[in-house]
Amino acid sequence: MLLLGCIKEVSDYELAISLPNGLSGFVPVTQISDAYSQLLTKQVAQGELLEDLNSLPDMYSPGTLVRCIVTSIEKSDDGRRSVKLSIDPKKVNKGLNSTALTAGMLLSGSVSSVEDHGYLIDIGVTGTHAFLPHQKAKNYIKAVKKGPDLKIGENLNCLIVEVKNEGRVVCLSIDRAEVAASIATERQNWALSNLLPGLVVKARVQKVAPLGMKLTFLSYFTGIVDFMHMDPEKSLSYSPDQVVKACVLSVHPTSRAVRLTLRPPFLHAGGAPRQLCGQRMGAVLEEATVKAFYKQFGAVFELDDGTLAFARLKHLSKTRKSFKPGAFKEGCKHKCRIIDYSLMDEMCVISLKHQVIEARFLQYQDIHTGDVVQGKVLSLKPIGMQVKVADGIRGLVPSIHLSDVILKQPEKKYNIGDEVKCRVLECNPAGKKLILTLKKSLIQSELPVLSNYEDAKPGLITHGFVVCAREFGCIVKFYNDVKGLVPKNELSSEPVSCPDKVFYEGQVLKVMVLKCEPQQERLLLSFRLSSKPGPEDKRKSTPKEKQEVKYQIGEMVDVKVLKKKDNGLEVSILEDEDNVVAWIPTLHLSDFVGTSKLLWHCLQEGDVLPRVMYLSDKGEHIILSRKSAVISAVQEEQVVRSFSEIQPGMLLTGYVRNVMPFGVFVEFPFGVTGLAPKVSMSDKFVTDTKDHFVVGQTVIAKVMSIDEEKQRVLLNLKVSECSSGDSAAESFALLNQYFKELKEIMDLLRRGEPSICELVPGKRVHLVMQDVREDGSALFSGSSVTGLTVAATRYHLGDKNTAPGEKRKALVLHVDALTSEVYVSLREELLKQRP
């Protein structure tokens, strides 16, 4: 059977295809084309990677339409059917021969080789050589952006431009505009034996029925359009003899039944159906309205956003016995969950089953590393145990993870069907790969889950498992394949001569992080958890010596607020057993000066600030910074570590250290400073330097010149000179960071001053006038503004005279959280603009 399908997912070994009517199928890597299969065979034989063999993800993208042929339908042990497909042109176009080829035909082809002037295309027709010139491919390549050339095995929608030598040679085009404009006509002599899905035709409505329509096309063909493939905008307006544009969806080889679609995205060849927003998948909807019920198929619903969804009969109730048709009359509302999306039907697939709605996991994306999950044993094999976590979600417990100790006969401990409690070691949704552990010491561990190198801070203690013990030490693994080395001298407080005799593969142990280099994915660990200096050592070593050894500039730490002082916060570094005290100056709480003051105002003793950067060590305290732009510059290595590294033209991120009448001093991470003279401070004329910059302000500065003798750096702070190119992206990133910090402040304010968070500019409030001040402004009070100072300037009191004690409606103009002042307006023209 020939079908039009849409690529849903791409992995290294297969394409998952969405088929019409909510069905799915799979194209194995061996069913792409002859040329691609030959390359695969060659690579396997040689045992090394071939340059011209590209992986499926390099050539195919989700959302692309492809013509498929069903090769087999396999039934699994649990009764599920799996549809195997092929997109090999030799199978898809098997009904065509060289004499049937005519100009204007649209058919599938696959790149078989790259030549000097174009590409040889396999169109699956014996005795025909198909050629695609570079000129007819360049627009397609530019639009798809999968590289400078087409790749061997790439599947294409080909339009026959010219036929030579009675079909022995054909010239093709894949130009998107030409392909999109092609319509199958009678002159192309299509027959039922070679009719292809994906062809766009002009058809005439023959009969309209409740579940679909009958159409005639290409003079003597008839086809069916079912209710799911009518144009949703016009489904009620079709009438006999009406001429419509349609696309062939499927052709059945024995019954010769042809199915068509009238949905708009399919009505021009090369189109792509709409995709579902990723956040909607798995969403639970409180109310979905029944639009139509079909007793043989299921029901169509309208969702909260106006889109249509389909629920199969088996998903309308828990069991067949509990099914009540009366509950699915048009207009009835039901709670449901989106469980899938059919690209070919452009429709969500939903379920009303209670167990599906309440299910913790619906797809691999719902599972996170470190999650503890319940599963059912499906099979026991030499490599490990296969576990069913949920419908369609399976995981593997490797043999060393079946227990805290290695099991020689796991079948004696576990039986198929047993319920087991596991912990997720690794989850890769793209590859549908889920690795689990049954080790109780890992499942019950309350220590942090180490799943990436960035989280491996020195001093962190967590559980890991030994994967290798050799004379040099032990290699220990954590979650998401994060691994590190415990050197021989860190294995124990006592010398260990033969680590392989003391430690075994799979052994779970507590380890402490000594050092981590995330970029190089290098991790140094220790089993000596108490390798801290004793009380005598502590007294001898000064805080400064201790801190210099422990922290480096750019290192990220989590801190807890100990004390609020006038110009900053005294904090302790978490996960540091020496309780090191550090200092965050108020101006280093944010890139934005106003936000810094607000954050200082909102934070309380005991609050935790994550991901703060070690900046410097001046005097008694470690200095930390929370400036996002400065942190990014250090992490992306866009910094200079010493004066010798500075070059003219460099763009550096820093902060204003001092504002003088003659210019601005800017400090950068690692202690380098520079001066921006008055003339280079701004694109505007500068009268007073204090009007342009304030101490603590984050800036991007351009290096103008260097005086090596005097160790002086001259800077330029003009905005026109200090952009790295994509100024729009930079501006949006800065705005995004500002609003993110503003949201953080609002969340903090809700703890102590919830009323101020409700007062947003533009909100209407009911107030009572209290007093009129000397400058003509007025003070107000009200239940929604308790504890706040509410004022309206003389200009915003409006035309009506208001006396103390009088009630008035007002509009919030501005809220100053620092001073707890709210500014409002009583002007009628402003109040009218708000609903």
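# Exercises on burial and charge pairs

Of the 835 residues in the protein, 45% are buried (buried is under 20% relative accessible area, exposed over 50%, partly exposed in between, with a 1.4 Å probe and protein chains only). The model is predicted: local features need pLDDT of at least 70 and side-chain atom pairs pLDDT 80 or more, while totals for chains, interfaces and linings use all residues. Residues are numbered from 1 along each chain as its sequence is written, and side-chain values use heavy atoms, without hydrogens and water.

**Exercise 1.** State how many positive and negative side chains the protein has, and how far apart the centres of the two sets lie.

*Solution.* Step 1: count Lys and Arg as positive and Asp and Glu as negative, leaving out His and the chain ends. The protein has 108 positive and 99 negative side chains. Step 2: place each charge at NZ of Lys, CZ of Arg, CG of Asp or CD of Glu. The two centres are 7 Å apart.

**Exercise 2.** Determine which parts of the chain the salt bridge between K432 and E9 ties together.

*Solution.* Step 1: apply the criterion, a side-chain nitrogen of Lys or Arg within 4 Å of a carboxyl oxygen of Asp or Glu. K432 and E9 form such a bridge, at 3.4 Å from N to O. Step 2: locate the partners, with helices (H or I, at least four residues) and strands (E, at least two) taken as DSSP runs numbered from the N terminus. K432 lies in the loop between β24 (419–428) and β25 (433–437) and E9 in strand β1 (residues 2–10), so the bridge joins parts 423 residues apart in sequence. Step 3: check accessibility. K432 is partly exposed at 42%, and E9 is partly exposed at 34%.

**Exercise 3.** For the pair E744 and R626, decide whether each residue is buried or partly exposed.

*Solution.* Step 1: the side chains meet in a salt bridge of 2.6 Å, N to O. Step 2: E744 sits in helix α13 (residues 727–752) and R626 in the loop between β35 (621–625) and α12 (628–635), 118 residues apart. Step 3: E744 has 24% relative accessibility and is therefore partly exposed. R626 is buried because its relative accessible area is 13%.

**Exercise 4.** Classify D481 and K477 by accessibility.

*Solution.* Step 1: their side chains form a salt bridge at 2.8 Å, N to O. Step 2: D481, at 33%, is partly exposed. K477, at 23%, is also partly exposed.

**Exercise 5.** Give the number of salt bridges in the whole structure.

*Solution.* A search of the whole structure finds 21. A network of salt bridges links D34, K90 and D122.
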